[in-house]
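User: Could you walk me through this one? I have the sequence and the model open.
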Amino acid sequence: MVEDPLATADCLQITREVGFDRLLTGGKPYTTSCPLPFQADSVKTARDVTRRTLRGWGLHDLSDDAALVVSELVTNAVRYAMYAAGRREIELLLMRVAPHVLLAVADPSDEVPTPKEPDFVSENGRGLYIVETYSQCWGWDPLARGGKAVWALFRADD
């Protein structure tokens with residue numbers, strides 16, 4: 001549920017004007033990026049980086065929900081990157097644009113993320129449902145270098 005559609009639109013417009021490709025190079029204020037290897041334990045690394053970054057920004061209350069969402073995004077990235085030709089790079093991006101925090105995971109796959117109707121008996125297929133439930137909104141953008149960035153937006157109340 002988007003509480004402030006104008007602030008949300010402004011945040012997303014900033015990311016699109018700058019471009020996810022440039023944001024992933026890091027070095028911007030209130031931005032953290034982290035390359036992740038193409039392996040299952042990248043999920044834990046992404047959770048740790050997310051919690052540490054948000055706590056460093058004074059956003060303790062957001063860290064657990066954001067870590068859960070980033071776990072799902074990185075799990076999907078690892079799963080679908082194996083089908084991408086060539087590159088196997090995954091990148092985590094966290095960006096603070098008050099009053100929001102944007103989490104994004106870039107992967108080399110061009111496959112469009114498609115939510116499934118959650119089957120609560122199955123062991124998989126609920127990832128994007130979890131992302132949608134815990135974040136204000138989510139989506140994806142193609143990268144100029146190929147692949148995509150799947151993102152989730154959170155409202156961060158200081």
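Analyst: What follows goes through a helix, the strands and a few single residues. This is a predicted model, in which local features need pLDDT of at least 70 and side-chain atom pairs count only at pLDDT 80 or more, while totals for chains, interfaces and linings use all residues. Residues are numbered from 1 along each chain as its sequence is written, and side-chain values use heavy atoms, with hydrogens and water left out.

User: What span should helix α3 have, and how far apart are its end C-alpha atoms?
Analyst: Helix α3 covers residues 42-56, and its 15 residues at 1.5 Å a residue should span 21 Å, which agrees with the 21 Å between its end C-alpha atoms. The expected span is 1.5 Å times one less than the number of residues, and helices (H or I, at least four residues) and strands (E, at least two) are DSSP runs numbered from the N terminus.

User: Which residues of α3 are buried?
Analyst: Ser 42, Val 43, Ala 46, Val 49, Thr 50, Thr 53 and Leu 54 are buried in α3. Seen down the axis, the buried residues of α3 fall within an arc of 125°, so they line one face of the helix; the arc is that of the directions from the helix axis to the C-beta atoms. Buried here means under 20% relative accessible area, exposed over 50% and partly exposed in between, with a 1.4 Å probe and protein chains only.

User: And what is exposed on the other side of α3?
Analyst: Arg 52 and Gly 56 are exposed there. The buried residues of α3, for their part, are covered by elements that include β1 (31-36), α4 (63-81), β2 (90-97) and β3 (100-107), where contact means heavy atoms within 4.5 Å. After α3 comes Gly 58, with a positive phi near 80°.

User: Switching to β2, how many of its residues are buried?
Analyst: Eight of the eight residues of β2 are buried, so the strand is largely enclosed by the rest of the structure. Ile 90, Leu 92, Leu 94 and Arg 96 point one way from β2, whereas Glu 91, Leu 93, Met 95 and Val 97 point the other way.

User: Which sense does β2 pair in with β1, and with β3?
Analyst: The pairing of β1 with β2 is antiparallel, over six bridges, and Leu 36 stands opposite Ile 90. The pairing of β2 with β3 is antiparallel too, over seven bridges, with Leu 93 opposite Ala 104, and a hairpin of two residues joins β2 to β3. Two strands pair if DSSP finds at least two bridges between them.

User: Where does β5 fit in?
Analyst: Strand β5 (residues 148-155) runs antiparallel to β3, joined by eight bridges, one of the partner pairs being Asp 107 and Lys 148. Strand β4 (residues 137-142) also pairs with β5 in the antiparallel sense, over six bridges. In the hairpin of β4 and β5, which has five residues between the strands, Gly 146 takes a positive phi near 100°. Seven of the eight residues of β5 are buried, so this strand is largely enclosed by the rest of the structure.

User: How many disulfides are there?
Analyst: The count comes to zero disulfides, a disulfide being a pair of cysteine sulfur atoms within 2.5 Å. Cys 34 is buried at a relative accessible area of 15%, and Cys 137, which stands opposite Leu 153 in β5, counts as buried at 17%.

User: Last one, is Tyr 129 buried or partly exposed?
Analyst: Tyr 129 counts as partly exposed, at 37% relative accessibility, and lies in helix α5 (residues 127-134). Tyr 129 and Glu 117 are 12 residues apart in sequence and 7.9 Å apart in space, C-alpha to C-alpha.
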